Amino acid sequence: MTSAPLIALTLGDPAGTGPELILKALAQPDVRALGHLLVVGDAAVLARAQRYTGTTLPIRTVKKAVDAPEFAADGIAVLDLANVDAAHHQLGRIDPMCGQAAYESIKRATELALASEVGAIVTSAINKAALNAAGHHFDGHTGLLAQLCGAPGATMMLVADTLRVSHVSTHVSLRQAIDRVRPERIVKVLQLTHDAVRRLGIENPRLAVAGLNPHAGEGGLFGDEEEKFIAPAIAQARALGLDAHGPFAGDTIFFRTLQREFDAAVAMYHDQGHVAAKMLGIWRGVNVTLGLPIIRTSVEHGTDFANAGTGRGDPRSLVEAIKLAASMARNRSAVVA
């Protein structure tokens, strides 16, 4: 990868704040300096969003990703999918047409990344109800990208400042999450986390593993999953050469990681990791999908339907997602070597 990677940005749900946030992010010269940025989605939706954001960068459509660098320096390059009838949908409403458009944007960007036509993809927020109403039955980006890439073991890592948190499970019931706390899954997530943190430029990452139960089981008083599953998984990971530690109590592990005692932490279920990361600021965090053959980052928030069309959308999470994708794309070749 060159020092100026080509990065594809998906438009997200056209009825949400995704188009507005993209315009606001790309209006910042320091963001455009991170690489060549290509928006994948409906150009007319993006042009409509200019009316309520006040941004003025010219929007130029391109036929191929390779054409984006010619236009991205002083404008917004768009691979126009022309898949939204703007006259027949409302901002801030669940609409199957918008769910289909969001799906097509993600699919096309993923195809570009798999073909090495772009170095990374950054996804804007989608509405899961609209996606499912369009006939695409996924629990979110992670499951959809896993299928598009043929990578069923993919999982999620949240990045907020110095806190990096990956997850053994995400969008399942708490009952199912407990059942997924097994050595083979924990070792897999530890390996994915190790590889991802190396892509961020840390050569030998120290990884912390959370317990499942209060106080990490307190020696078996509050549960035995730590002794039966988590500690053996950590031992297996260490035998594979990973610098893994724990299990640690879930109420202190993330603070210790934020203080740089560890380079990343592994949470046992969705809320354990998400609450810790989002307490640092929902508009500052980034979502990274681990286990894919491509680099993908995303905003940490949803479609923010309540603010769609108002011009009040906050682009900070998108800006951080673009920064992280650019950094990972630059580091990727060094890690592979």
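In this predicted model, helix 5 and helix 7 share a contact in which Tyr103, Ile106, Lys107, Thr110 and Leu114 of helix 5 meet His141, Leu144, Leu145, Leu148 and Cys149 of helix 7. By residue class, this contact holds 7 nonpolar, 2 polar and 1 charged. The axes of the two helices lie 10 Å apart, and the packing angle is about 45 degrees. Helix 5 is therefore oblique to helix 7. The crossing of helix 5 and helix 7 is right-handed.

Helix 7 spans residues 141-149. Its buried residues are His141, Thr142, Leu144, Leu145, Ala146 and Cys149. The cover over these buried residues includes helix 5 (96-114) and several strands. Among those strands are strand 5 (120-123) and strand 6 (155-160). Strand 11 (286-290) and strand 12 (296-299) also contribute to the cover. Just after helix 7 comes Gly150, with a positive phi of about 65 degrees.

The strands named above belong to a wider arrangement. An open sheet of 12 strands runs in the order 3-4-2-1-5-12-11-6-7-10-8-9. Its pairing is mixed. The edges are formed by strand 3 (59-62) and strand 9, each of which pairs on one side only. On average, neighbouring strands of the sheet are turned by 30 degrees against each other, with direction ignored. Parallel pairing is found between strand 2 (residues 36-41) and strand 4 (residues 76-80), which are joined by 4 bridges. Here Val39 stands opposite Val78 of strand 4.

Strand 6 was examined in detail. In this strand, 6 of the 6 residues are buried, so strand 6 is largely enclosed by the rest of the structure. In a regular strand, side chains alternate between the two faces of the sheet. Both faces of strand 6 are covered. One side carries Thr155, Met157 and Val159, and these are buried. The other side carries Met156, Leu158 and Ala160, likewise buried.

Strand 6 has antiparallel partners in strand 11 and strand 7. With strand 11, the antiparallel pairing uses 5 bridges. Met157 stands opposite Val288 of strand 11. With strand 7 (residues 163-167), the antiparallel pairing uses 4 bridges. Ala160 has Leu163 of strand 7 as its bridge partner. The hairpin of strand 6 and strand 7 has 2 residues between the strands. In this hairpin, Asp161 takes a positive phi near 55 degrees.

Helix 12 (residues 270-278) lies across part of this sheet. The strands beneath its path are strand 6, strand 7, strand 8 and strand 10 (264-267). Helix 12 runs at about 165 degrees to strand 7.

A second helix pair was found in helix 9 (residues 183-199) and helix 10 (residues 225-239). Their axes come within 8 Å and cross at roughly 45 degrees. That angle makes helix 9 oblique to helix 10. Helix 9 passes helix 10 in a right-handed crossing. From helix 9, the contact draws on Pro183, Ile186, Val187 and Leu190. From helix 10, it draws on Phe229, Ile230, Ala233, Gln236 and Ala237. The residues of this contact divide into 8 nonpolar, 1 polar and no charged.

Several backbone features complete the description. Most residues other than glycine have a negative phi, and most peptide bonds are trans. Ala216 is not a glycine, yet its phi is positive, at about 55 degrees. Ala216 sits in the loop between strand 8 (206-210) and helix 10. With a relative accessibility of 14%, Ala216 counts as buried, because the cut-off for that class is under 20%. Asp304 likewise has a positive phi, near 50 degrees. Asp304 is placed in the loop between strand 12 and helix 13 (316-336). The peptide bond between Gly246 and Pro247 is cis, with omega of about 0 degrees. Pro247 belongs to strand 9 (residues 243-248), one of the edge strands of the sheet.

Key
Residues numbered from 1 in each chain as written. Predicted model: local features only at pLDDT ≥ 70, side-chain atom pairs only at ≥ 80, totals over all residues. Heavy atoms only, no water. Buried < 20%, exposed > 50% of the residue type's maximum accessible area, 1.4 Å probe, protein only. Contact = heavy atoms within 4.5 Å. Axes fitted to C-alpha atoms, helices over the stretch in contact; angles between N-to-C directions. Parallel < 35°, antiparallel > 145°, perpendicular 65-115°, else oblique. Left-handed = near helix turned anticlockwise from the far one by under 90°. Nonpolar A, V, L, I, M, F, W, Y, C, P; charged D, E, K, R; others polar. Pairing = 2+ DSSP bridges.
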